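Please report on the charged and aromatic side chains of this protein. Keep it brief and give the cut-offs.

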Amino acid sequence: MRGREADRRLDAIHKSTTLLAITYGLVAIESLDVQAMSKSAAGTIEAPGVNVSAKRGLNREIRKQGWGEFHRQLGYKTDWYGARLEKVPAQYTSQDCSACGHRSADNRESQAVFCCKACGLGPINADYNAALNIRERGIKLASAEGHAVAAQGDLCASTSRNWEPQLGPRTSVAA
């Protein structure tokens with residue numbers, strides 16, 4: 001059953017990364033060090049770790065999600081299909097307000113709720129707010145590097161760096 005689960009996860013990753021790469025000219029993702037996030041907390045004989053079993057369970061869940069494989073596949077597929085992948089540093093994406101830019105740890109009322117103390121934005125989902133920040137930072141990174149960031153339907157699609165690739169008749173991407 002675990003093998004079937006792994007096959008389904010890999011299939012879902014292939015389909016979603018392909019869809020992102022052929023649909024968007026720019027894809028921005030949070031640059032996560034998945035390997036460091038899933039390191040063991042066992043420690044050494046001289047200094048044993050604490051909450052080792054809880055950390056082991058967290059590590060297992062992180063690896064099961066396939067974040068590293070998702071990033072790897074998205075990287076080569078955006079190259080294949082002519083899209084651009086921007087890896088946005090993860091620092092403060094969840095603490096910055098997507099509306100006014102105010103940064104405070106107090107903006108995160110809980111793990112799931114974001115409410116800006118400066119402009120009053122919210123309450124909104126904290127992950128949604130972080131996704132908006134990642135999108136904006138990805139656009140700024142691409143623009144700062146001198147790459148065109150065109151919306152879909154760019155009139156200069158033949159000269160624009162980020163054009164929407166075509167796979168033939170647009171019927172179904174994921175078969």
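The report below covers salt bridges, a charged patch and aromatic rings.

This is a predicted model, in which local features need pLDDT of at least 70, side-chain atom pairs count only at pLDDT 80 or more, and totals for chains, interfaces and linings use all residues. Residues are numbered from 1 along each chain as its sequence is written, and side-chain values use heavy atoms, with hydrogens and water left out.

**Salt bridges**

Side chains of opposite charge can pair when their charged atoms come close. A salt bridge here is a side-chain nitrogen of Lys or Arg within 4 Å of a carboxyl oxygen of Asp or Glu. The count comes to 8 salt bridges. The table lists three of them, including one inside a helix.

| Pair | Closest N to O distance |
|---|---|
| Arg9 and Glu5 | 3.7 Å |
| Arg84 and Glu86 | 2.9 Å |
| Arg103 and Asp96 | 2.7 Å |

Start with Arg9 and Glu5. Both residues sit in helix α1 (residues 2-23), 4 residues apart, about one turn of the helix. Helices are DSSP runs (H or I, at least four residues), numbered from the N terminus. Arg9 is partly exposed, with a relative accessible area of 25%. Glu5 is partly exposed too, at 35%. The terms have fixed limits: buried means under 20% relative accessible area, exposed over 50%, and partly exposed in between (1.4 Å probe, protein chains only). The areas come from the Shrake-Rupley method.

Arg84 and Glu86 are both buried. The Arg103 and Asp96 pair is mixed: Arg103 counts as partly exposed because its relative accessibility is 44%, while Asp96 is buried because its relative accessible area is 6%. Salt bridges that share partners join Asp96, Arg103 and Arg137 into one network.

**Positive patch**

Which residues gather in a patch of positive charge on the surface? They are Arg2, Arg56, Arg60 and Arg63. Helix α3 (residues 52-65) gives the most to this patch, with 3 residues. Arg56 lies in helix α3. Arg56 is partly exposed, with a relative accessible area of 45%.

Patch residues must have over 30% relative accessible area and no salt bridge, and like charges are joined within 9 Å. Lys and Arg count as positive, Asp and Glu as negative; His and the chain ends are not counted. The place of an Arg charge is taken as CZ.

**Aromatic rings**

A pair of aromatic rings is described by the distance of the centres and the angle of the planes. Rings of Phe, Tyr and Trp (its six-membered ring) pair if their centres lie within 6.5 Å; planes under 30 degrees apart count as stacked, over 60 as edge-to-face and the rest as tilted. The count is 2 aromatic pairs. Tyr76 and Trp80 form an edge-to-face pair, 4.9 Å centre to centre, with 75° between the planes. Both lie in helix α4 (residues 67-80), 4 residues apart, about one turn of the helix.

Is Trp80 buried or exposed? Trp80 is exposed, with a relative accessible area of 62%. Tyr76 counts as partly exposed, at 25% relative accessibility. Trp80 and Tyr81 also form an edge-to-face pair, at 6.4 Å centre to centre and 85° between the planes. Ring pairs thus link Tyr76, Trp80 and Tyr81 into a cluster.

Helix α4 also holds Trp67. Trp67 is partly exposed, with a relative accessible area of 32%. The C-alpha atoms of Trp67 and Leu32 are separated by 8.6 Å, and these residues are 35 residues apart along the chain.

Technical notes: Patches are made of residues with over 30% relative accessible area and no salt bridge: like charges are joined within 9 Å, nonpolar side chains (Val, Leu, Ile, Met, Phe, Trp, Tyr) within 5 Å. Accessible areas come from the Shrake-Rupley method with a 1.4 Å probe; for residues, only the protein chains shown count as cover. Helices (H or I, at least four residues) and strands (E, at least two) are DSSP runs, numbered from the N terminus.
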